[in-house]
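Student: Please take a close look at the salt bridges of this predicted model. Which side chains pair, and are the partners buried or exposed?

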Amino acid sequence: MEKKKAAVNIEGIKTQEEIEFCARLRASSDPWVTLQRDYDAAISSLTAPDHEVYTAKVDDDIAGFAVISVTGAMVGFLLTLCIVPEFQGCRIGSKLLEFCEKRILQESPNVFIFVSSFNTSAQEFYFKHGYKKVGELDDYVIEGYSELLLRKSIAARNDFFKSKH
């Protein structure tokens, strides 16, 4: 229980050991297992040059991690938010999400995320944090399941970029 009360430190991923830990975590948990996204796919995402990876640590232990992209056609994607099971329910996910939103909202007025149709607990989590469903892609990753496109927005795109200049 001490870990639940400890401070959370969020920082960029630093070592190969951390990358491998996060890849194992993602590859062994849902929705990634159901979506058939294995360890190698996780390594590819964690090391992609256009992805930013952040770990949430309690003491020296990784409690969770997130992968975002602030480049590309749809700037501002939260690609992965994954919490170590023993730290779930401790607000680590909320803190990591808030950190990623702040980072993305420096570049874009929108934060996007895909959530699998079967992942109802994740849907509830994001809806609770102000996300709205803006689309649905049937059979997008695997047949029989949809990916829901969720968005949280602070401004229209043109207004956001006008205010930055």
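Tutor: R91 pairs with E98 in a salt bridge whose closest N and O atoms are 3.9 Å apart, inside the 4 Å cut-off. Both partners are partly exposed: R91 has a relative accessibility of 49%, and E98 has one of 40%.

A second salt bridge joins K152 to E101, with 3.2 Å between the closest N and O atoms. Because K152 belongs to strand 7 (residues 146-153) and E101 to helix 4, this pair ties together parts that lie 51 residues apart in sequence. K152 counts as partly exposed at 25% relative accessibility, whereas E101 is buried at 9%, since buried means under 20%.

The salt bridges that share partners join E11, K14, E18 and K57 into one network. Within that network, the side chains of K57 and E18 meet at 2.5 Å, N to O. K57 is in strand 2 (residues 52-58) and E18 in helix 2 (residues 16-27), so that distant parts of the chain, 39 residues apart, are linked. K57 is buried, with a relative accessible area of 12%, and E18 is likewise buried, at 10%.

In total, the count comes to eight salt bridges. As a general matter, side chains of opposite charge can pair when their charged atoms come close.

Helix 4, which holds E101, spans residues 92-104 and is among the elements that give two or more residues to the lining of the largest pocket. That pocket has a volume of about 1200 Å³, and its lining includes six charged residues, beside 24 nonpolar and 15 polar ones.

Definitions and conventions:
Residues numbered from 1 in each chain as written. Predicted model: local features only at pLDDT ≥ 70, side-chain atom pairs only at ≥ 80, totals over all residues. Heavy atoms only, no water. 1 Å grid on protein atoms, 1.4 Å probe; cavity = no way out; pocket = protein on both sides within 12 Å on 5 of 7 lines; lining within 4 Å. Points joined across faces, edges and corners; volume = space filled by probe spheres on them. Helix = DSSP H or I, 4+ residues; strand = E, 2+ residues; numbered from the N terminus. Nonpolar A, V, L, I, M, F, W, Y, C, P; charged D, E, K, R; others polar. Buried < 20%, exposed > 50% of the residue type's maximum accessible area, 1.4 Å probe, protein only.
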